[in-house]
Amino acid sequence: QPLQLALRNAADGGAPQRQAPPPPAGGPAARQLRPSAQQPMLLKLKLPGNVQSEVDESENASVLDLKLRIQHEHGIRAGHMVMTFFGCPLPDASKLADCGIATGAVLNIALRPPGAPASEPFDGDPFAEREEG
């Protein structure tokens, strides 16, 4: 049929044209028609004690959602965690995708030092000597 179509177009005086095949069912065009589904992302976690883990999480999940999941699965309290991505602390209210996190990202989880407020990100060295006074 493509040859007949090309010959027919040439006979009509037009240049032969190729038509793209229809997109496969379930391809990108079909996905655009569906309501936006939350795509899971496979994330790698580096936890205290050299523990490494992987987790599937929605791109629309917040940092706090992920911390609560880690709390449930690994027993580390969400309020004691500092989660960083490329060395930058992640605010609890931010969505993972808004922080540039995508499938395959490596997130580091550290423990807040004693006395650091849980509501504010800790941006110091947890192993630094503290002055007593």
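This passage walks through the fold, the core, the salt bridges and the cysteines of a predicted model.

Starting with the overall layout, the chain holds 3 helices and 5 strands. Read from the N terminus, these elements come in the order α-α-β-β-α-β-β-β. Of the 133 residues in the chain, 23% are buried. The accessible surface adds up to about 9,800 Å², and carbon and sulfur atoms account for 53% of that area. As for how the chain folds back on itself, 48% of the contacts between residues at least 6 apart in sequence join residues at least 24 apart.

Next comes the inside of the model. In soluble globular proteins, nonpolar side chains tend to be buried together. Here, the largest nonpolar core is made up of 19 residues, and Leu 43, Leu 66, Ile 101 and Leu 107 have the most contacts inside it. At least two residues of this core come from each of strand S1 (40–47), helix H3 (63–74), S3 and strand S5 (106–111). The top contributor is S1, which gives 4 residues. Leu 66 gives a good idea of the packing: beyond its neighbours within four places in sequence, Leu 66 is in contact with Leu 43, Leu 45, Val 55, Glu 57, Met 83, Leu 96 and Leu 107.

Thr 84 offers another view, this time from strand S3 (residues 81–85). With a relative accessibility of 16%, Thr 84 counts as buried. Setting aside residues up to four places away in sequence, Thr 84 touches Pro 89 and Leu 90, along with Val 106, Leu 107 and Asn 108.

Turning to charged pairs, a search of the whole structure turns up 3 salt bridges. One of them joins Arg 69 to Glu 57, with 3.5 Å between the closest N and O atoms. Arg 69 sits in helix H3 and Glu 57 in strand S2 (residues 51–58), so this pair ties together parts that are 12 residues apart in sequence. The two partners differ in their surroundings: Arg 69 is partly exposed at 28% relative accessibility, whereas Glu 57 is buried at 12%.

Arg 69 also pairs with Glu 73, and here the closest N and O atoms are 3.0 Å apart. These two residues are 4 apart in helix H3, so about one helical turn separates them. Glu 73 is partly exposed, its relative accessible area being 42%. Taken together, Glu 57, Arg 69 and Glu 73 form a linked network of salt bridges.

The Lys 67 salt bridge goes to Asp 92, with the closest N and O atoms 2.7 Å apart. This pair connects distant parts of the chain, since Lys 67 belongs to helix H3 and Asp 92 to the loop between strand S4 (88–89) and S5, 25 residues away. Lys 67 is buried, with just 2% relative accessibility, while Asp 92 is partly exposed at 30%.

That leaves the cysteines. The disulfide count is 0. Why does Cys 88 not bond to Cys 99? The sulfur of Cys 88 has its closest cysteine sulfur in Cys 99, 9.7 Å away, which is too far for a bond; the cut-off for a disulfide is 2.5 Å. From the other side, the closest cysteine sulfur to that of Cys 99 is the one in Cys 88. Cys 88 is partly exposed, with a relative accessibility of 45%.

Key: Residues are numbered from 1 along each chain as its sequence is written. This is a predicted model: local features need pLDDT of at least 70, side-chain atom pairs count only at pLDDT 80 or more; totals for chains, interfaces and linings use all residues. Side-chain values use heavy atoms; hydrogens and water are left out. Buried means under 20% relative accessible area, exposed over 50%, partly exposed in between (1.4 Å probe, protein chains only). Contact means heavy atoms within 4.5 Å. A nonpolar core is a set of buried Ala, Val, Leu, Ile, Met, Phe, Trp, Tyr and Cys residues joined through side-chain atoms within 4.5 Å. Accessible areas come from the Shrake-Rupley method with a 1.4 Å probe; for residues, only the protein chains shown count as cover. A salt bridge is a side-chain nitrogen of Lys or Arg within 4 Å of a carboxyl oxygen of Asp or Glu.
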